[in-house]
Amino acid sequence: MKLETNRAIASNQFSEALRGVALDGEGRVYAVGDSSVKVFSSEGELVRQWKTALPGQCVAVDDGGRIWVGEFEQVEIFDAEGRLADTWKDAGRLGLVTSIGIRDDDVFLADATARWIRHYNRVGEFLNNIGDRHRKGGFHIPNGVVDFAIDADGILHVANPGMHRVERYKPDGELLGHFGRFDGRDPAGFPGCCNPTNLALDSSGRVVVSEKAGPRIKVYDPDGEFLEVVTDDLFDPAAKNMDLAVDAGGRIYVADPVALEIRVLSRRAETVP
Amino acid sequence: MSDERSRREVLGTAARGAALVGLAGLTGVLAVKANKTYAWSIDITKCVNSKLGALGVDVCEACATDCVLTLSAVRAVNEFSECGRCYICPAYYDITSAVGPDGLPSEKLCPRDAIEREAIGWIDPDDPANNFYEYTIDEKLCNGCGRCVMECKEPAGLGSIRLEVRHNVCLDCNRCSIATACPEEAYERDALSTV
């Protein structure tokens, strides 16, 4: 199999910033940037858009079709039509929300201000922090973003770029393990000061990561074994903090913050001569 | 006796005169320095080593190579409040060098070894990756070559290191040779109040 890019979504839809991408069960693509949410069909047609109160930093879609947008010190929750259903604030606790994960009765909000992940229940009651017991006092994020994904067993996989690791946590904050090491030459390692910056999981539990300087997309198996570099020449050298999503077919959606569009990377069977 | 006194007086007068002349000269130089209204400085938004978006280009070392002083008046300065205090700093290490047995890059970036790396805060003796690090530039060694500035620039780093003119060293040449050599016209003569 070979990975190739074959299209872009949301071109010319954002003028200043594109920070987050998410998918729903129907294959619709949700992009957040500037101060708006834009929804695209799986074919890339713009089907809906609305404004957010503050610049959106990330986006997630729950199993009921509600759209959650992380902002500074709050989360806005919209129904599928884009109507504001709720706004979560947690004064004195919640900072810049850069990633959202929702599973069953749990809601996890990555707080880049504290460098922790905040764990709430579905009605917004705070339960615990994740990452606060780290010896560095939290995730080391010189890039200013905490990103994570939740696997089928409810385990959180968190990018800790300053330590060149992907760490796994139970919802109660217990560290289960990690993989990753620095290496500026071997693509199996994470280069530079602080990579990976973002991650997502595919349906098989493979870990897809994005890196900065130079920007590239890589895949690791669920045990952290390096599988492949998907692309290392597609993005502008200045691109960083590229948010990711993966659909059921294994297509990787990359929010390109420089081109201001979503790149879709899909697998193609190589032609056998 | 009187001849001897006379000779001493003459020598003393001459010495005091010479000292006064020297003092006057020094005072004059200091007065010029103190009263100057312009000084050389570096516009970091123009300097190719720190200019955002100037990626994949060679470092410019004109500040190090073109100053009339043996050791340039330009220094790299790390603004700690903007530094990520990384375990592996791309301005300190040559992050493209082979990884050593300690898991760190095996080579440093600075050719003059002018950057000091020190763990700060609570120190984890078992896992150095758990520490934050402070990177301090030794101004006695730095010659302003700009390599660390280039590597600290976004997106690789946070851009906390920049080049600055040390005004206590700069000779304030009217026709500064660095300014003449600077390919980006980033070396400017500004009104002193803005420097």
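Me: How do you know what confidence chain B has in this predicted model?

Reply: Look at the pLDDT, which runs from 0 to 100. Chain B averages 87, and 80% of its residues score at least 70. For the model as a whole, the scores are ipTM 0.91 and pTM 0.89.

Me: Which residues of chain B have a pLDDT that stays under 50, and what contacts does the model give them?

Reply: Those are residues 28-32 of chain B, with zero contacts beyond four places in sequence. Where pLDDT is low, the predicted coordinates should not be read in detail.

Me: What makes up the secondary structure of chain B, and how do the elements run from the N terminus on?

Reply: Chain B has four helices and six strands. Their order from the N terminus on is α-β-α-β-β-β-α-β-α-β. Of the 195 residues in this chain, 31% count as buried. As for contacts in chain B between residues at least 6 apart in sequence, 69% of them join residues at least 24 apart.

Me: Thanks! Turning to chain A, how many helices and strands does it have, and why is it called as compact as a globular protein of that length?

Reply: Chain A has 24 strands and zero helices. Its radius of gyration is 17 Å, and the globule rule gives 19 Å for 273 residues; the two values are close, so chain A is as compact as a globular protein of that length. The C-alpha trace of chain A spans about 60 × 45 × 30 Å along its principal axes. Buried residues account for 46% of chain A.

Me: Why is A:Arg263 called buried?

Reply: The cut-off is 20 or more other C-beta atoms within 10 Å. A:Arg263 has 22 such neighbours, so it counts as buried. You will find A:Arg263 in strand 24 of chain A, which covers residues 261-268.

Me: How far apart are A:Arg263 and A:Ala10 in sequence and in space?

Reply: They are 253 residues apart in sequence, yet their C-alpha atoms are 8.9 Å apart in space.

Me: How do you know that strand 4 and strand 5 of chain A pair?

Reply: Pairing needs at least two bridges, and five bridges join strand 4 (residues 36-40) to strand 5 (residues 46-51) in chain A. The two strands run antiparallel. One of the partnerships links A:Val37 with A:Trp50 in strand 5. Together strands 4 and 5 of chain A form a hairpin with five residues between them, and A:Gly44 in the turn has a positive phi of about 100 degrees.

Me: And what joins strand 19 to strand 20 in chain A?

Reply: Again the count is five bridges, between residues 207-211 of strand 19 and residues 216-220 of strand 20 in chain A, running antiparallel. Set against the minimum of two bridges, strands 19 and 20 of chain A count as a pair. Within strand 20 of chain A, A:Lys218 stands opposite A:Val209.

Me: Which strands of chain A make up the open sheet, and what makes two of them edge strands?

Reply: The sheet has four strands in the order 18-19-20-21, with antiparallel pairing. Strand 18 (198-201) and strand 21 (226-231) of chain A are the edge strands, as each pairs on one side only. On average, neighbouring strands of this sheet are turned by 25 degrees against each other, direction ignored.

Me: Last one: how many residues does each chain bring to the contact, and of which classes are those of chain B?

Reply: Chain B brings 22 residues and chain A brings 19. On the side of chain B that touches chain A, 14 residues are nonpolar, seven are polar and one is charged.

How values were computed:
Residues are numbered from 1 along each chain as its sequence is written. Chains are lettered from A and ligands numbered from 1 in the order in which they are written. This is a predicted model: local features need pLDDT of at least 70, side-chain atom pairs count only at pLDDT 80 or more; totals for chains, interfaces and linings use all residues. Axes are lines fitted to C-alpha atoms, for helices over the stretch in contact, and angles run from 0 to 180 degrees between N-to-C directions. Two residues are in contact if their C-beta atoms, placed from the backbone, lie within 7 Å. Ala, Val, Leu, Ile, Met, Phe, Trp, Tyr, Cys and Pro count as nonpolar, Asp, Glu, Lys and Arg as charged, and the others, Gly among them, as polar. The radius of gyration is taken over C-alpha atoms; the globule rule is 2.2 Å times the number of residues to the power 0.38. A residue is buried if 20 or more other C-beta atoms lie within 10 Å of its own, exposed if 12 or fewer, and partly exposed in between; C-beta atoms are placed from the backbone.
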